[in-house]
Amino acid sequence: MKKILILLFVSGLILTANAQNLSVPHYGIKVGYNHSSFNFIQYNYLFGTVKPTEGYPEPNQIANSGLKAGFFIDIKLSKNWHISPTLSFSQFGAYTTLEQQWDNTYIGDTIRTYGIKEETFKMDYITLDPLFEYRPTDKLTLIVGPSVSYLISNNLVRYVEEEGLERSNDAYNGEIPGVSDIDAGLNLGVSVFLNEHLDVDLNLYIGMLGFEDIDEGYQRTLKAFSLSCGYTFN
């Protein structure tokens, strides 16, 4: 997968170099935040080919807010089309909760107890977005393009509680088991120019690769809404 990332990066550089023959590139920076969580695809009707695993209810989750910041090159390809390769530092994450139950045997009797598992995921990526932009007016831009991210750090904190008491043997604080180094997906968004230099972007990222290399009963990918402000230099 690392070779794929390198290939896409080199391809973006080649495309950028070719496009420079068409226009003078402009450079800029973007700063904003990601509102990210998991897409449990077996519970998403858009992915109807994947059925839920029996005995695995859908987890509840709260989205994580993280930083997204980087720089971009804006190149005009035609009257309305631009390409804007963007390299960013992006923080993703999620907080999930899942109801638990245990069957405990005492002197021949089975007693069922209940509890909850809480997991907090945090991931930092370097993200390459070769975005294509369609600008029907000077103020509005429609954005579409792929995204490839390389994981540079990650952490999982797991807390398990049974009948109000912590199950310390099930607790965990460390790297996410089986997490994939590479994430890839699709960006869809819109940008509004406030003036010649300043614009505001609203973007939806839909992850297309599995988040983990191991099967824990769930098939999940990343998803995120991002809001950012961009500044283009002369």
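What volume does the second largest pocket have? In this predicted model, the second largest pocket has a volume of about 320 Å³. Its lining is made up of 18 residues, and those closest to the centre of the pocket are Tyr-56, Leu-98, Gln-100, Lys-117 and Tyr-218. Strand 3 and strand 4, the latter spanning residues 109-134, each supply at least two residues of this lining, and strand 3 gives the most, with six residues. Sorted by class, the lining of the second largest pocket holds seven nonpolar, five polar and six charged residues.

The largest pocket, for its part, has a volume of about 580 Å³. Of the 29 residues that line the largest pocket, Asp-74, His-82, Arg-135, Phe-193 and Glu-196 are the closest to its centre. Several strands take part in this lining, since at least two residues come from each of strand 1 (26-40), strand 2 (60-76), strand 3 (81-106), strand 8 (182-193) and strand 9 (198-207), while the largest share, four residues, belongs to strand 2. By class, the lining of the largest pocket divides into six nonpolar, twelve polar and eleven charged residues.

Lys-117, named above among the residues closest to the centre of the second largest pocket, also leads to Arg-158, which touches Lys-117, Glu-118, Glu-119, Asp-170, Ala-171 and Tyr-172 when residues up to four places away in sequence are not counted. Arg-158 lies in strand 5, which covers residues 140-162, and its side chain is joined to that of Glu-119 by a polar contact of 2.7 Å. Because the relative accessibility of Arg-158 is 18%, and buried means under 20%, this arginine counts as buried.

The aromatic residues offer another way through the structure, which holds eight aromatic pairs. In one of these pairs, the ring centres of Trp-81 and Tyr-134 are 5.2 Å apart and the planes stand at 50°, so the pair is tilted. Trp-81 lies in strand 3 and Tyr-134 in strand 4, so the pair ties together parts that are 53 residues apart in sequence. As for their surroundings, Trp-81 counts as partly exposed at 39% relative accessibility, and Tyr-134 is likewise partly exposed, with a relative accessible area of 31%. Elsewhere in the sequence numbering, Phe-38, Phe-40, Phe-121 and Phe-211 form one aromatic cluster.

Definitions and conventions:
Residues are numbered from 1 along each chain as its sequence is written. This is a predicted model: local features need pLDDT of at least 70, side-chain atom pairs count only at pLDDT 80 or more; totals for chains, interfaces and linings use all residues. Side-chain values use heavy atoms; hydrogens and water are left out. On a 1 Å grid over the protein atoms alone, a cavity is a set of points where a 1.4 Å probe fits but cannot get out, and a pocket is an open set with protein on both sides within 12 Å along at least five of seven lines; lining residues have an atom within 4 Å of a point. Grid points are joined across faces, edges and corners, and a volume is the space filled by probe spheres set on the points. Ala, Val, Leu, Ile, Met, Phe, Trp, Tyr, Cys and Pro count as nonpolar, Asp, Glu, Lys and Arg as charged, and the others, Gly among them, as polar. Buried means under 20% relative accessible area, exposed over 50%, partly exposed in between (1.4 Å probe, protein chains only). A polar contact is a pair of N or O atoms within 3.5 Å; within protein, one must be able to donate a hydrogen and the other to accept it, and residues adjacent in sequence count only if both atoms are side-chain atoms. Contact means heavy atoms within 4.5 Å. Rings of Phe, Tyr and Trp (its six-membered ring) pair if their centres lie within 6.5 Å; planes under 30 degrees apart count as stacked, over 60 as edge-to-face and the rest as tilted.
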